[in-house]
Amino acid sequence: MAKIRGAVVVNEERCKGCNLCVVACPTSTLGLQPKEVNNRGYHYAFMANPDACIGCASCALVCPDACIEVYKVREG
């Protein structure tokens with residue numbers, strides 16, 4: 001049986017670093033970039049722990065700027 005895991009793609013230039021997606025993630029997959037900022041000066045969200053993602057899309061649902069896309073990837 002194939003294992004399903006998630007993949008999160010963040011539009012880094014649209015992200016304003018509101019941290020809502022990080023709080024909504026049940027598996028602590030996302031985090032805010034600690035050192036880098038986007039063109040608007042915000043610390044943007046990224047997959048800090050990519051192996052933990054289950055593809056639930058909670059992060060995309062709470063994003064006020066709709067800059068997160070979630071995919072389910074089949075392994076195996």
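Me: In which strand is the place of V73?
Reply: Happy to help you find your way around this predicted model. Look for V73 on the way to the end of the chain, where the run of elements is β-α-β-β-α-β from the N terminus on. The place of V73 is in strand β4.

Me: Is V73 buried, partly exposed or exposed?
Reply: Buried would need under 20% relative accessible area, and exposed would need over 50%. V73 has 30% relative accessibility, so it counts as partly exposed.

Me: With which residues is V73 in contact, leaving aside its neighbours within four places in sequence?
Reply: Contact here means heavy atoms within 4.5 Å. Once the neighbours within four places in sequence are set aside, the partners of V73 are K3, I4, R5 and A7.

Me: How many Å separate the C-alpha atoms of V73 and M47?
Reply: Along the chain, these two residues are 26 residues apart. In space, the separation of their C-alpha atoms is 15 Å.

Me: How many helices and strands are there in the chain?
Reply: You can read the elements off in order, and from the N terminus on they run β-α-β-β-α-β. Counting by type gives two helices and four strands.

Me: Why does the chain count as being as compact as a globular protein of its length?
Reply: The globule rule gives 11 Å for 76 residues. The radius of gyration of this chain is close to that, so the chain is as compact as a globular protein of that length, with a value of 12 Å.

Me: What percentage of the 76 residues of the chain count as buried?
Reply: A residue is buried if its relative accessible area is under 20%. Q33, for instance, is buried because its relative accessible area is 16%. For the chain of 76 residues, the buried portion is 25%.

Me: Where is Q33 found, and with which residues is it in contact beyond its neighbours within four places in sequence?
Reply: Q33 is found in the loop between β2 (30-32) and β3 (45-47). Leaving aside the neighbours within four places in sequence, Q33 touches H43, Y44 and F46.

Me: How many disulfides does the structure hold?
Reply: A disulfide needs a pair of cysteine sulfur atoms within 2.5 Å. For C56, the nearest cysteine sulfur is that of C25, 6.0 Å away. For C59, the nearest is that of C21, 6.4 Å away. Neither C56 nor C59 is in a disulfide, and the count for the structure is zero.

Me: Is C59 buried or exposed?
Reply: It helps to look at C56 too, which is partly exposed with a relative accessible area of 38%. C59 has a relative accessible area of 7%, and since buried means under 20%, C59 is buried.

Me: What is the phi of N19, and where does N19 sit?
Reply: N19 is not a glycine, yet its phi is positive, at about 75 degrees. N19 is also partly exposed, with a relative accessible area of 29%. Its place is in the loop between β1 (3-10) and α1 (20-24).

Me: Is A66 buried or exposed?
Reply: A66 also has a positive phi, near 50 degrees, in a residue other than glycine. You will find A66 in the loop between α2 (58-62) and β4 (68-75). Its relative accessibility is 56%, and since the cut-off is over 50%, A66 counts as exposed.

Terms used
Residues are numbered from 1 along each chain as its sequence is written. This is a predicted model: local features need pLDDT of at least 70, side-chain atom pairs count only at pLDDT 80 or more; totals for chains, interfaces and linings use all residues. Side-chain values use heavy atoms; hydrogens and water are left out. Buried means under 20% relative accessible area, exposed over 50%, partly exposed in between (1.4 Å probe, protein chains only). The radius of gyration is taken over C-alpha atoms; the globule rule is 2.2 Å times the number of residues to the power 0.38.
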